[in-house]
Amino acid sequence: MFAQVKISPSLLSADFMNMERELRMIEQAGASFAHVDVMDGHFVPNLTMGVPFVRCLKAATALPLDVHLMIANPLEQIPWFLDAGADWLTFHIEAFEDSLGSPESLEAAKQAIALIREAGAHPGISCKPQTPTATLKPLLSLVDMVLVMSVNPGFSGQSYMQGTASRVAEVVSMARAQGRSPLIEVDGGIDAFTAQEVARAGADVLVAGNAIFKAENPAAALKEIAASAHLAQAAALQGICQAEEA
Ligand code: DX5
Ligand code: ZN
């Protein structure tokens, strides 16, 4: 069924000392998730938040926690994040990069997905902008979410990378060919303008950090991103319907 694009604000750009206030703001402004960027200083240079913080967030909001692991050892740490309350848990295929694209890396990714699924959470898989989306093809039938990075993971506030929309379209068509429709999430440099491009390409969930939390009016910024994504999505769907009728 057709579903409107959802917004997952990235808490990395929020005011950590006033996180409860930030959570209330995104809840009231219509966010569908809270996006939690976990960086370990190895997989990416930056170091952000970990298990205790996720546990606190879980107690502080009813929004589903959309936890994005940018860590080198997902198999070891996934159980901890599940225990802390991650509802959606996404890891990177490049975490297994010694053997990227090999049967071993796929096996490790499948194990990670199974751990998440068995705990009753939603598994997600992600890849960096330079990794061919086809690397994810054998996993598309196993996950509930595919996170398409529109920046190199590591920092908030970067510029959206051109070419992301076609990567979104590639994932959508690979999944459709398998009769699957995992949520397609786009993360990095999303604002009211770039949101339109990825919504047209078939994105279901948009992560936005700086464009929301650093705006003069964060609630209005969140609503504006959602509204412009909805308009673009509706126009794209209308175009598809007209083409089918013709
Ligand atoms: C980047 C993170 C993103 C980022 C989003 O590695 O995964 O979630 O913080 O922030 P903006 O929207 O500011 O690019
Ligand atoms: Zn993220």
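Where does ligand 1 sit? In this predicted model, ligand 1 occupies the second largest pocket, and a reader new to the structure can begin there and then turn to the residues and strands around the ligand.

The shell around ligand 1 holds 20 residues, of which D37, G154, G157, D187 and G209 come nearest. When these shell residues are sorted by character, 8 are nonpolar, 10 are polar and 2 are charged. Three strands, β2 (34–39), β3 (65–70) and β8 (205–208), each supply at least two residues of this shell, and β2 gives the most, with 3 residues.

Several polar atoms of the protein can be followed to oxygen atoms of the ligand. In D37, a polar side-chain atom lies 2.7 Å from an oxygen atom of ligand 1, while in G154 a backbone N or O atom is found 2.8 Å from an oxygen atom of ligand 1. The side chain of S10 also has an N or O atom that is 3.4 Å from an oxygen atom of the ligand. Taken alone, ligand 1 exposes 380 Å², and the protein buries 99% of that area.

As for the confidence of the prediction, the protein averages a pLDDT of 96, and 98% of the residues score at least 70. Among the elements of the protein, β3 has the highest mean pLDDT, 99, whereas helix α8 (residues 218–245) has the lowest, 92. The strand β3 is also one of those that supply at least two residues of the shell around ligand 1.

Technical notes. Residues numbered from 1 in each chain as written. Chains lettered and ligands numbered in written order. Predicted model: local features only at pLDDT ≥ 70, side-chain atom pairs only at ≥ 80, totals over all residues. Heavy atoms only, no water. Near = heavy atom within 4 Å. Polar contact = N/O pair within 3.5 Å; in protein donor to acceptor, adjacent residues only side chain to side chain. Areas by Shrake-Rupley, 256 points an atom, 1.4 Å probe, with all protein chains shown as cover. 1 Å grid on protein atoms, 1.4 Å probe; cavity = no way out; pocket = protein on both sides within 12 Å on 5 of 7 lines; lining within 4 Å. Sits in = over half its atoms within 2 Å of the grid points. Helix = DSSP H or I, 4+ residues; strand = E, 2+ residues; numbered from the N terminus. Nonpolar A, V, L, I, M, F, W, Y, C, P; charged D, E, K, R; others polar. pLDDT = per-residue confidence, 0-100.
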